[in-house]
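I opened this chain to see how its parts are laid out. My notes follow, in the order I looked things up.

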Amino acid sequence: MGSQINKIECPRCRKIVAWEKNPHRPFCSEYCRLVDLGRWSDETYRISSRSEDGDELDNLVTLNPKREKN
Ligand SMILES: [Zn+2]
């Protein structure tokens, strides 16, 4: 009773947002959605196309945007 299923937690920034009327769900905003999906598709693309070559894993780390975050 009283369970609130119309609110979600943005998987990217953990912000609690309404599920209804949210075109960007399960994210809070278009920004989080694009960042998260963009990052995923980018990694998936690289991994799926390079996974056969183990040496490319080093490039994955090098290209990881997180490294530039200081
Ligand atoms: Zn968010």
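**Entry 1: contacts of arginine 12**

I began with arginine 12 and skipped its neighbours within four places in sequence; the contacts left are Phe27, Cys32, Val35 and Asp36. The model is a predicted one, and I read every value with that in mind. Arginine 12 sits in the loop between strand S1 (7-9) and strand S2 (16-18).

Is arginine 12 buried or exposed? I found it partly exposed, because 18 other C-beta atoms lie within 10 Å, and a buried residue needs 20 or more.

I then checked C-alpha distances. Arginine 33 is 21 residues from arginine 12 in sequence, and the two C-alpha atoms are 8.0 Å apart. Valine 35 is 23 residues from arginine 12, at 8.5 Å C-alpha to C-alpha.

**Entry 2: valine 35**

I followed that pair to the other end. Valine 35 belongs to helix H1. The helix spans 30-50. I count valine 35 as partly exposed because it has 15 other C-beta atoms within 10 Å. So the contact between arginine 12 and Val35 joins the S1-S2 loop to helix H1, with partly exposed residues at both ends.

**Entry 3: the whole chain**

I stepped back to the overall layout. The chain has two helices and two strands. Read from the N terminus, the order is β-β-α-α. How much of the chain is buried? Buried residues are 3% of the 70 residues. I also looked at contacts between residues at least 6 apart in sequence: 6% of them join residues at least 24 apart.

**Entry 4: glutamate 9**

Next I went to strand S1, where glutamate 9 is found. Glutamate 9 is partly exposed, since 13 other C-beta atoms lie within 10 Å; the exposed class stops at 12. Beyond its neighbours within four places in sequence, glutamate 9 contacts Arg14 and Ile16. Ile16 falls in strand S2 (16-18), and Arg14 is in the loop between S1 and S2. I also noted cysteine 28, which is 19 residues from glutamate 9 in sequence and 7.7 Å away, C-alpha to C-alpha.

**Entry 5: backbone angles**

Which residues other than glycine have a positive phi? I noted arginine 14, with phi near 65°. I also noted lysine 21, with phi near 60°.

Arginine 14 lies in the loop between S1 and S2. It counts as exposed because it has 9 C-beta neighbours inside 10 Å. Lysine 21 is in the loop between S2 and H1. It is exposed too, because 8 other C-beta atoms lie within 10 Å. The cut-off for exposed is 12 or fewer.

**Entry 6: a cis peptide bond**

Last, I looked at the peptide bond from arginine 25 to proline 26. I found it cis, with omega near 5°. Where does proline 26 lie? Proline 26 is in the loop between S2 and helix H1 (30-50). Lysine 21 is placed in the loop between S2 and H1 as well, so I filed its positive phi beside the cis bond.

Note on methods. Residues numbered from 1 in each chain as written. Predicted model: local features only at pLDDT ≥ 70, side-chain atom pairs only at ≥ 80, totals over all residues. Helix = DSSP H or I, 4+ residues; strand = E, 2+ residues; numbered from the N terminus. Contact = placed C-beta atoms within 7 Å.
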